[in-house]
Amino acid sequence: MTTLPELAARRCYSVLNPLHSAIYFAPDFGKELAELGLEDGAAVYFVGRAAPMGRAGAGTVTATFFNFSHDLIARHIPAAWDVVSPEAALEARLRAADSVLRRVLGEDVIASKEMAEAAELALRATEACSRPARPLYAAHADLPVPDAPHLALWHAASLLREHRGDGHLMTLVSAELDAVEALASHTATGQGMSTKWILRTRGWSAEEWEAGRQRLRDRGLLTADNELTEAGERLRRHLEKETDRLDAAPYEHLGAEGVARLTELATAFSTTARENGAFPADLRGKS
């Protein structure tokens, strides 16, 4: 039985996650890796998130990332590791996190007591995360915690993001959704990545995207005009509720007061980051 207000954990995660993901929409990490010889944008993302797993192969990256085309991943992994080692990529990623957060939050926020407080709270939440069946989280959990509070917060946000993400993949597999179907049904909620961004970044062709939508229609989950049916809406609600259940431990460990305070602090940080252009304006949407 949860001791937290309904959806409190999900709200906390939703305002922490942008602090993790901002570096993948900024040029800083790409510039860091370009100086090391890796310039392709897709390769930059794969290297960035996979580096904690070491010299992971294409199959492992496809399995843990889930919603990317294996063909796209295999064009870059494992060849990218011959250009940039996982260790060098992790160092570059932390430098990029530092420069991005300083730019989108400002030096006063970076040096504030609120930043230090948020880092302490978020790290406390991660104490209750678990490694079994969570490969991306487990790999990140083996990394050292940075000393600087804003980087410690970024590290904790990354841990919480991968912990929830690994659990979410369990729910997608249980619901018998493949990568394209999962993306298309999420896009149909209006909360997911827009079709344009998915086709630009995930490696699926327009034909594969439409075929996935048709499979959802055949299951009665999507209408002819790509809106969720009642059954589709129930499924998406179920997926999020199950993900919440699998991801409850960190927030239960932090407690209602801690979750509320961390949500307050992270909301202010992520709002500032968005206002300062941390994310593309057209990133989310149904079209």
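Hi everyone. Let me start with arginine 213, which sits in helix α13, residues 206–218. What we have on screen is a predicted model, so please keep that in mind as we go around it.

Is arginine 213 buried or exposed? Its relative accessibility is 12%, and the cut-off for buried is under 20%, so arginine 213 counts as buried. If we skip residues up to four places away in sequence, arginine 213 touches Ala184, Thr195, Leu222, Asn226 and Lys286. You can also look from there to glutamate 227, 14 residues apart from arginine 213 along the chain, with 10 Å between the two C-alpha atoms.

Now let's swing over to another helix, α3, residues 41–50, where we find alanine 43. Alanine 43 is buried as well, because its relative accessibility is 3%. Leaving out neighbours within four places in sequence, its contacts are Leu38 and His76. Proline 144 is 101 residues apart from alanine 43 along the chain, and their C-alpha atoms are separated by 24 Å.

Next, helix α14, which will come up a few times. This helix covers residues 230–246, 17 residues in total. Here is a little check on its geometry: at 1.5 Å a residue the helix should span 24 Å, and the end C-alpha atoms are indeed 24 Å apart, so expectation and model agree.

Which residues of α14 are buried? They are Gly232, Leu235, Arg236, Leu239, Thr243 and Asp244. Several of the gaps in that list are three or four places, and for this it helps to remember that an α-helix has 3.6 residues a turn, so residues three or four places apart point the same way. As for what they pack against, the buried residues of α14 meet four helices: α1 (8–21), α10 (149–174), α11 (179–189) and α15 (248–275).

That brings us to the second largest pocket, with a volume of about 450 Å³. Its lining takes in 15 residues, and those nearest the centre are Glu6, Leu7, Arg10, Lys241 and Asp244. Three elements, α1, α14 and α15, give two or more residues each to this lining. And which element gives the largest share? That is α14, with five residues. For those of you thinking about electrostatics, the lining breaks down into eight charged residues, six nonpolar and one polar.

Let's compare that with the cavity. The structure holds one cavity of 30 Å³ or more, and the largest cavity has a volume of about 40 Å³. Around it you can pick out Leu19, Leu101, Leu105, Met115, His150, Leu153, Trp154 and Phe269. Helices α6 (86–105) and α10 each supply at least two of those lining residues, with α10 giving the largest share, three residues. What about the chemistry of this lining? Seven of the residues are nonpolar, one is polar, and there are no charged residues.

Since we are on the subject of charge, let me turn to the salt bridges. How many does the structure hold? There are 22. A good one to zoom in on is arginine 261 with glutamate 117, where the closest N and O atoms are 2.9 Å apart. This pair links distant parts of the chain, with arginine 261 in helix α15 and glutamate 117 in helix α8 (residues 113–126), 144 residues apart. Arginine 261 is partly exposed, because its relative accessibility is 26%. Glutamate 117 is also partly exposed, since its relative accessible area is 30%.

Arginine 261 has another partner in glutamate 264, with closest N and O atoms 3.0 Å apart. These two both lie in helix α15, three residues apart, about one turn of the helix. With a relative accessibility of 48%, glutamate 264 counts as partly exposed.

There is also a network: salt bridges that share partners join Arg10, Arg164, Arg236, Glu240, Asp244 and Asp247. Two of these names should sound familiar, as Arg10 and Asp244 are among the residues nearest the centre of the second largest pocket.

One last pair before we open the floor: glutamate 162 and arginine 161 meet in a salt bridge, 3.9 Å from N to O. Glutamate 162 counts as buried because its relative accessibility is 1%.

Thanks for listening, and I'm happy to rotate the model for anyone who would like another look.

Conventions:
Residues are numbered from 1 along each chain as its sequence is written. This is a predicted model: local features need pLDDT of at least 70, side-chain atom pairs count only at pLDDT 80 or more; totals for chains, interfaces and linings use all residues. Side-chain values use heavy atoms; hydrogens and water are left out. The expected span of a helix is 1.5 Å times one less than its number of residues. Buried means under 20% relative accessible area, exposed over 50%, partly exposed in between (1.4 Å probe, protein chains only). Contact means heavy atoms within 4.5 Å. On a 1 Å grid over the protein atoms alone, a cavity is a set of points where a 1.4 Å probe fits but cannot get out, and a pocket is an open set with protein on both sides within 12 Å along at least five of seven lines; lining residues have an atom within 4 Å of a point. Grid points are joined across faces, edges and corners, and a volume is the space filled by probe spheres set on the points. Ala, Val, Leu, Ile, Met, Phe, Trp, Tyr, Cys and Pro count as nonpolar, Asp, Glu, Lys and Arg as charged, and the others, Gly among them, as polar. A salt bridge is a side-chain nitrogen of Lys or Arg within 4 Å of a carboxyl oxygen of Asp or Glu.
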